[in-house]
Amino acid sequence: MTEKHETQPQEPIAKNTQEQSAEAAAPKNDYDAVCAERDKLLEEAEKNKEEIKNLTEDAARARADYYNLRTRVERDRERDKKLASEKSVELLLPVFENLERICGAVEDRDSNLYKGVSMVAKQFMEAMSHLGLEQISTDGPFDPSVHEAVSMEPIEDEAKDGHVIGALRKGYKLAGRVIRAAQVRVGRYEKKDS
């Protein structure tokens with residue numbers, strides 16, 4: 001009997017060595033692939049962070065623009081409301097003054113005509129004051145921002161120097177703004193030589 005020794009061919013050993021080197025290379029290739037994937041993800045994360053930052057800034061600008069627009073619209077609405085009130089008051093003021101003139105022309109203060117017209121004039125003024133109209137005071141010192149001096153008249157009382165001594169036409173403010181200055185006479189003290 002002869003024993004057979006089977007010898008394995010050399011090729012499988014070489015194959016085995018190639019498999020080992022392939023296996024050794026595989027982890028390196030996997031590591032490189034993972035590193036490449038990680039770098040790609042980090043780069044994508046940075047792009048996303050930048051995009052989030054830009055979108056956040058855009059949203060903040062949009063919010064600010066919206067707030068400014070809303071503020072502007074409200075301000076314009078208030079201005080338009082005041083202008084509408086001002087236009088209405090300017091149109092109605094002569095009617096009110098004519099009612100006051102009628103009351104001033106009636107001699108009999110106990111007559112029904114006087115009472116009725118004065119009641120209408122009072123009601124008219126109340127309605128206009130709801131629109132923001134207020135009468136300018138003509139008492140006290142002359143104020144060029146609300147008074148229009150029509151004449152300067154000599155007075156004997158030094159304490160009344162530069163004060164309003166009479167009104168020729170009433171003045172009015174609407175929402176704090178002068179729409180018509182009061183026409184007044186202003187007293188001027190003149191020292192008399194004794």
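Visitor: How many bridges join S4 to S5, and which way do the strands run?
Guide: Three bridges join S4 (residues 172-174) to S5, and the two run antiparallel. Strands here are DSSP E runs of at least two residues, helices H or I runs of at least four, numbered from the N terminus. Two strands pair if DSSP finds at least two bridges between them.

Visitor: What stands opposite Leu174 in S5?
Guide: Arg177 stands opposite Leu174.

Visitor: Is this model predicted, and what pLDDT do features need?
Guide: The model is predicted: local features need pLDDT of at least 70, side-chain atom pairs count only at pLDDT 80 or more, and totals for chains, interfaces and linings use all residues. Residues are numbered from 1 along each chain as its sequence is written, and side-chain values use heavy atoms, leaving out hydrogens and water.

Visitor: What is the strand order in the sheet?
Guide: The sheet is open, with three strands in the order S1-S4-S5 and antiparallel pairing. S1 (133-135) and S5 (177-180) are at the edges with a single partner strand each, so one side of each has no neighbour in the sheet.

Visitor: New topic. Which residues have the most contacts inside the largest nonpolar core?
Guide: Leu93, Phe96, Met128, Leu133 and Tyr172, in a core of 15 residues. Such a core is a set of buried Ala, Val, Leu, Ile, Met, Phe, Trp, Tyr and Cys residues joined through side-chain atoms within 4.5 Å; buried means under 20% relative accessible area, exposed over 50%, partly exposed in between (1.4 Å probe, protein chains only).

Visitor: Which elements give two or more residues to this core?
Guide: H1, H2 (112-130) and S4 do. The largest share, six residues, comes from H2.

Visitor: And Leu92, where does that lie?
Guide: Leu92 lies in helix H1 (residues 10-105). Leu92 counts as partly exposed because its relative accessibility is 34%.
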